[in-house]
Amino acid sequence: MNFGVSTSMDIAISIPSLHLSSSPLSFKSTATISLQSPRFRNAYFGSLFFGSRRTARRITTVETRQCSSKATDDDFIIEDVPHLADFLPDLPSYANPLKNSQAYAIVKETFVKPEDVVAQKIVITKDRSRGVHFRRAGPREKVYFKSDEVRACVVTCGGLCPGINTVVRELVCGLNFMYGVDDILGIVGGYRGFYSKNTLQLTPKVVNNIHKHGGTFLRTSRGGHDTNKIVDNIQDRGINQVYIIGGDGTQRGAALIYQEVAKRGLQVAVAGIPKTIDNDIAVIDKSFGFDTAVEEAQRAINAAHVEVESVDNGVGIVKLMGRYSGFIATIATLASRDVDCCLIPESPFYLEGTGGLFEFIEQRLKENGHMVIVLAEGAGQDYIAQDMHTVEEKDASGNRLLQDVGPWLSQKIKDHFTKVQKMAINMKYIDPTYMIRAIPSNASDNVYCTLLAQSAVHGAMAGYTGFTVGPVNSRHAYIPIARVTETQNTVKLTGRMWARLLASTNQPSFVTYNEALCEDAANINNAEISTQL
């Protein structure tokens, strides 16, 4: 993507507005400095990009364009990530050792250009802003660490997910093979492992086969985050690169670690690798392990379908992961074609009355003699709470403890058809949740995990900190941690993906268009609240 930036590294600048046109980036001032220079990075990028929770730079074209007979400016916004030079202005830089790497010797463009960015929106109209862009991930020409002075650490937090071991392996191998880093520690047992457990010395030989196994080689835990204790430990051990693998709660903890590190003026790069099997991380295209989870879910759905089509009036319920977001249930349903109804947290449903679930089940049993329902674990929680008069509780990570919707719905369906409809049904309930979480990642996720790990390593070596990494429109980018923790990604009931599912299953939507709009807004608000817990 060419934004009219000159291939040379020198640009003319002035404050306050930067203009973008077919000519090189230019200001009215005659002062010329280099994009590569620390002076430019610290004085200009630092003041415009870094420091605040969500900072942005706006670039407008010199020439206005006629759009629908109305002249508008084409807006261009970059949301950048912090750099060690922001609070360590005298930090020296070094030539990237990848220049001498056998692997990169034949690469046409070894290093990412300073002006390369990734667009968050790729579908735009002529009269609209081009929107937000993020710094493109990848190796830089200059690094801010000497390889023999790096002491890195890797920690895994939160619940299990396919692919964690692959990320750990590729972080270690990436640091060692690409940058010659030999001193890499594994923090055992999540955040509390920083101050309560021993560490492991990680080498490519130690981690060579861990990707073939599920779970996490480093073990994990929920909670246990104590910023001061963690940073004290980082400082005492002489660690200067921290790689943190975990979900939104873990990434919020990573942001606190970065802030404390910056406050103390330590040369420590903090990089986050987002992990959630639910695919509810904002901004990025998807989270690692999601493809594996969807693929494994097919086995459970297929088993349920075989069971119910082999008996009279068979009703199969398969419960999948999805605390606040129903992506696994939605995509697994679309992939299967054997599912009659999909229930997710974003979409309320009701059991009785016209258009209710009971009516739909009865209809399908009359038509086909069997039915399969895929159910996300977070679906119908308000319904259950009212029915069972439960009190909300939270786990160590601050997540709401969910009621077990699977057995509850199974019993409700069985009671209705047995006692009310006087109709015998054969209920089959399958919960493959922990089986899915515990398996190793598939080929697709293994490739994805490698890209995530290597992108994180490149970013940390280049001096970026307080960032997380992930694909945005299929291009890996460095994203401010605040962007991936301020809200959660949810299935939009007014979006085309949910419409495709409804068209595939031919199930009732349970909501009108106006109700769907309200639910989308409510889901966004609830997600924002949950990320603050």
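Is C161 buried or exposed? At 1% relative accessibility, C161 counts as buried. Keep that cysteine in mind; we will come back to it. One caution before we go on: this is a predicted model.

Let's start with the whole chain. There are 533 residues in the protein chain, and buried residues make up 56% of them. Secondary structure next: 15 helices and 22 strands. The accessible surface comes to about 23300 Å². Carbon and sulfur atoms account for 49% of that surface.

How do the contacts run along the sequence? Take the contacts between residues at least 6 apart. Of these, 74% join residues at least 24 apart in sequence.

Now the interior. The largest nonpolar core has 90 residues. Which residues have the most contacts inside it? They are L171, Y243, I273 and F288. Helix 2, residues 164–179, gives this core its largest share, with nine residues. A second core lies apart from it and has 25 residues. Among them are C341, F360, I361 and I384.

Let me stay with I273 for a moment. Leave out residues up to four places away in sequence. I273 then still touches a list of residues that includes V167, L171, Y243 and F288. Further along the chain, I273 also touches L452, A456, T468 and V469, among others.

Back to the cysteines. How many disulfides does the structure hold? Zero. C161 is in no disulfide, and the nearest cysteine sulfur, that of C449, is 7.7 Å away. The cut-off for a disulfide is 2.5 Å between the sulfurs. C173 is another cysteine to note. C173 counts as buried because its relative accessibility is 5%, and the cut-off for buried is under 20%.

On to charges. The search of the whole structure finds 17 salt bridges. I will show three.

The first pair is R483 with E79. Their closest N and O atoms are 2.7 Å apart. Where do the two partners sit? R483 lies in helix 13, residues 481–485, and E79 lies in strand 7, residues 76–79. So this pair ties together parts that are 404 residues apart in sequence. Both R483 and E79 are buried. There is also a third member here: E79, R483 and E486 are linked in a network of salt bridges.

The second pair is R264 with D232. Again, the closest N and O atoms are 2.7 Å apart. R264 lies in helix 5, residues 248–264, and D232 lies in helix 4, so the pair ties together parts 32 residues apart in sequence. Are these partners out on the surface? R264 is partly exposed, with a relative accessible area of 27%. D232 is partly exposed too, at 34% relative accessibility.

The third pair is D291 with K286. Here the closest N and O atoms are 2.4 Å apart. D291 is partly exposed, with a relative accessible area of 22%. K286 is also partly exposed, with a relative accessible area of 25%.

Next, a nonpolar patch on the surface. Which residues make it? L200, V206 and F217 do, and the patch covers about 210 Å². V206 lies in the loop between strand 14, residues 199–201, and helix 4, residues 227–237. Its relative accessibility is 39%, so V206 counts as partly exposed.

That loop has something else in it. R219 also lies in the loop between strand 14 and helix 4. Phi of R219 is near 65°, a positive value in a residue other than glycine. Why remark on that? Because most residues other than glycine have a negative phi. R219 is exposed, with a relative accessible area of 55%.

N279 has a positive phi as well, about 60°, although it is not a glycine. N279 lies in the loop between strand 16, residues 269–274, and helix 6, residues 290–309. Is N279 buried or exposed? At 5% relative accessibility, N279 counts as buried.

To close, three things to take away. The largest nonpolar core has 90 residues, with helix 2 giving the largest share. R483 and E79 form a salt bridge in which both residues are buried. And the structure holds zero disulfides.

Terms used: Residues are numbered from 1 along each chain as its sequence is written. This is a predicted model: local features need pLDDT of at least 70, side-chain atom pairs count only at pLDDT 80 or more; totals for chains, interfaces and linings use all residues. Side-chain values use heavy atoms; hydrogens and water are left out. Patches are made of residues with over 30% relative accessible area and no salt bridge: like charges are joined within 9 Å, nonpolar side chains (Val, Leu, Ile, Met, Phe, Trp, Tyr) within 5 Å. Accessible areas come from the Shrake-Rupley method with a 1.4 Å probe; for residues, only the protein chains shown count as cover. A salt bridge is a side-chain nitrogen of Lys or Arg within 4 Å of a carboxyl oxygen of Asp or Glu. Helices (H or I, at least four residues) and strands (E, at least two) are DSSP runs, numbered from the N terminus. Buried means under 20% relative accessible area, exposed over 50%, partly exposed in between (1.4 Å probe, protein chains only). A nonpolar core is a set of buried Ala, Val, Leu, Ile, Met, Phe, Trp, Tyr and Cys residues joined through side-chain atoms within 4.5 Å. Contact means heavy atoms within 4.5 Å.
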